[in-house]
Amino acid sequence: MGVERAGAGRGSMSADTVDWVTAGFRARFLLAPDRPAALVSFLPTGGVLADGGPGPADLDDPQPLVELTTIGHGRFPGGYRHVDTTIGARLRPVSHHVQADGTDLWFRILQEDAATGLQVESVFRARDGVAAFRTWTEVSALGDREHVVDAVSSFATGAFLTDSGRTVDDLSLVHADNDWAAESRWRTDALRDIGLARIDREAQHHPPRSRAVVQNRGSWSTGEALPIGVLQTDRYALVWQIEHNGPWLYELGETRRHAYVLLSGPTDQEHQWTATVASGRPFVSVPVSVGIAASVDGAFEVLTAHRRAIRTVRAADEALPLVFNDYMNTLMGDPTTAKLLPLIDAAAEAGADLFCIDAGWYAEGHWWDSVGEWLPAATRFPDGLGAVVDHIRSRGMQAGLWLEPEVIGIHSLLATTLPDSAFVQHHGVRVAEHGRHLLDLRSPDARAHLDEVVDRLVGDLGVTFFKMDDNTMTGPWEGSVDGGRALLDWLDDVQARYPALLIENCASGAMRADFAMLSRLHMQSTSDQQDPVLSASIAAAAPAAMLPEQAGNWAYPAPSMSPDRFTLSLVNGVLGRMYLSGHLNEMSPSQRAVVSEAIAAQRAVLSVITTAMPVWPLGLPAWEDTWIALGLRAASGELYLSVWSLPGAPDAVTLPLDGFLGRDVVVESLFPVEVAPWVPSWDREEGVLRLTNGGATPTARVFRIRPAAG
């Protein structure tokens, strides 16, 4: 890899362009002395997109790489958008340099605004061979002035128009709404349909003011939408994710001659956030990742490879234990020794590796607004919680507990004994939401309290798994960036002290399923959805938001379910991390045998999941699709394919499997072993798998497809 000054040849139109070239991509920057730095081309190294590049007209007035506003230095022209900033327009490149640090590749661009004395450094980090980079903006001040920053981009570019060879009229945004029990609702919208009004830019003599914006407010980073998007047209897909466990936004719009996408953490306009920058007091924006591919599936393959490349994986994470949790559609927050012991025995006999006792273990009565001490309830466990934990271990499983560490109930003793500084505050007032206060992990008192809890539960009780929940969403508060980073720092410290401890990320399901959290935690609860039919699309879409090996998809069969629904509830968990629940101890022998089949299928998937790539033969599932399909393509070439036939589905579906086009394949029913009444049929010439469901809906199957011998 390296940096190249542009010379003769296609795309090399100016001595002021610099190429950063890796084995995964080529990024071309305009670094001219009379204008702000800009990313003017971003293409994969080799492949179908690599022949493009900016021409002379595309280097005229490109979107600046950094947009920055402070109190007193806004936008021109004014508006709601976070581009056209006066500081962004005044920035001028000072220096740039490249660095290789082991497997990390770095590129840095330093710029300065002479009028304010502000400096911004755009930092890019990549892994060789992956067509993606991570980037952020570091803002610092020269001199003795203070600057109140109210918005700063982590990344902005307009290169997609040149690289795709298309116009805004041709571009669509692939994005997902997210809500409690209704996660990962993906859709594709033309930019013209979601805010980018077509106007005559020549007649107006100004850039348009319209924008398409996707954002999330408050402490639930994915409570409204996923911080992920794909800008796509035929043969082109630019993908990104914002990596912050708090508020964020991204926006798209048109400029005077071009267009832009801008990625950002919180802003004052949308999230009531500001940061003061002064000499010796810099601000670092939230990191974002950006990748490039030729299709939407290709974009998520790039993002999957990038997530794996930059995620922290410890030895404990590599074990991938199969977790049984007593909550969903089972004990529902009411565990006792008498209820748990039969479940523990049944989970061990089914083959679970870890048993997690969920909410309620600390509760003597009403507990929602009195939690915080995390002491076992004596009435629930007459012989002590330790006796139940010992029984879990005696059955060959690890023991886990549900924990909501960041909350203190407003009626908890700790709400009066901990100082105000230990809690999230807004305008100097302690925030209270849903009967709870939230701890501010920047506070030594808050950290000391949580460290005592963890030391007691892990060090003394012997717990090796936490389901870390977060059921209380706070609105805007001044520490939404630094406080989020303090939480990450605390999590890093806990896992360094207890290297065998695994932590599941949960927030009323997937209300905080951002990569800042996922980059360091073991798995992610994908939903609180209790209907297995509605869970199907959530499970099928999960690998777009997270790594397949982190997607904790609930599988909660119930003895009262019909055979088809029983099977479907288990299929939901197979192509991810099966998160098993349900009254196993009350099931018939035949039902337990079906559970055992599903666990065997999950074991087969776990053997390949950390290198497998997600594919969606029918496209990303929409919320009310009736046929849904998710595939995991193993490094060996095998395809593990889950297919759901939901209420209202026609009897048959055709799934394009381009990777097997022109080849003979073996189609095996992985779960359940008996494929009937489904009938699969392979057409090698068209490269499609046709499935006929001869029974009722809802129902589902998991297939394993591999090339035929020879």
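This section describes strand pairing, burial and side-chain packing in a predicted model.

The antiparallel pairing of strands 11, 12, 14 and 15 is considered at the outset. Strand 11, which spans residues 172–177, is mostly covered, five of its six residues being buried. Strand 11 is joined by six bridges to strand 12 (residues 185–190), and the two run antiparallel; within this pairing, D177 is found opposite R185 of strand 12. Strand 11 also pairs with strand 14 (residues 228–233), again in the antiparallel sense and over three bridges, with V174 having V230 of strand 14 as its bridge partner.

Strand 14 is itself largely enclosed by the rest of the structure, because six of its six residues are buried. The burial extends to both faces of strand 14, with I228, V230 and Q232 buried on one side and G229, L231 and T233 buried on the other. Strand 14 is further connected to strand 15 (residues 236–242) through six bridges, in an antiparallel arrangement, and in this pairing G229 faces W240 of strand 15. Strands 14 and 15 form a hairpin with two residues between the strands, in which R235 adopts a positive phi near 65°.

The loop that connects strand 13 (212–216) to strand 14 contains T222, a residue that counts as buried because its relative accessibility is 0%. The side chain of T222 reaches two backbone nitrogens, that of R512 at 3.1 Å and that of A513 at 2.9 Å. When neighbours within four places in sequence are left aside, the contacts of T222 comprise N178, N216 and P227 together with A510, M511, R512, A513 and D514. The segment containing R512 and A513 is thus represented both among the contacts of T222 and in the polar approaches of its side chain.

A second region of interest is an open sheet of five strands, arranged in the order 33-34-35-40-37 with antiparallel pairing. Strand 33 (613–615) and strand 37 (665–671) stand at the edges of this sheet, and since each has a single partner strand, one side of each is left without a neighbour in the sheet. From one strand to the next, the twist averages 25°. Within the sheet, strand 35 (residues 639–645) and strand 40 (residues 699–707) run antiparallel and are joined by seven bridges, with L639 positioned opposite I705 of strand 40. Two helices pack on the sheet. Helix 13 (residues 532–545) touches strand 33, strand 34 (627–633) and strand 35, and its direction makes about 30° with that of strand 34. Helix 14 (residues 563–574) touches strand 35, strand 37 and strand 40, and its direction makes about 50° with that of strand 40. Strand 35 is accordingly touched by helix 13 and also by helix 14.

Aromatic side chains were examined next, and the count of aromatic pairs comes to 30. One of these is the edge-to-face pair of F25 and F42, whose rings are 5.4 Å apart from centre to centre, with 70° between the planes. Because F25 lies in strand 3 (residues 25–30) and F42 in strand 4 (residues 38–44), the pair ties together parts that are 17 residues apart in sequence. Both F25 and F42 are buried, and both belong to an aromatic cluster that also takes in W20, F29, F107, F124, F133 and F155.

A further pair is formed by W374 and W402, which is edge-to-face because the ring centres are 5.9 Å apart and the planes stand at 70°. W374 is located in the loop between strand 22 (354–357) and helix 8 (385–394), whereas W402 is located in strand 23 (residues 398–403), so this pair ties together parts that are 28 residues apart in sequence. W374 counts as buried, given its relative accessibility of 2%, and W402 likewise counts as buried at a relative accessibility of 2%.

Arginine side chains are also placed over aromatic rings in this model. R430 lies over the face of F423, at 3.9 Å from the ring centre, and R436 lies over the face of W368, at 3.5 Å from the ring centre.

Note on methods
Residues are numbered from 1 along each chain as its sequence is written. This is a predicted model: local features need pLDDT of at least 70, side-chain atom pairs count only at pLDDT 80 or more; totals for chains, interfaces and linings use all residues. Side-chain values use heavy atoms; hydrogens and water are left out. Two strands pair if DSSP finds at least two bridges between them. Helices (H or I, at least four residues) and strands (E, at least two) are DSSP runs, numbered from the N terminus. Axes are lines fitted to C-alpha atoms, for helices over the stretch in contact, and angles run from 0 to 180 degrees between N-to-C directions. Contact means heavy atoms within 4.5 Å. Buried means under 20% relative accessible area, exposed over 50%, partly exposed in between (1.4 Å probe, protein chains only). A polar contact is a pair of N or O atoms within 3.5 Å; within protein, one must be able to donate a hydrogen and the other to accept it, and residues adjacent in sequence count only if both atoms are side-chain atoms. Rings of Phe, Tyr and Trp (its six-membered ring) pair if their centres lie within 6.5 Å; planes under 30 degrees apart count as stacked, over 60 as edge-to-face and the rest as tilted. A charge sits over a ring if NZ of Lys or CZ of Arg is within 6 Å of the ring centre and within 35 degrees of the ring normal.
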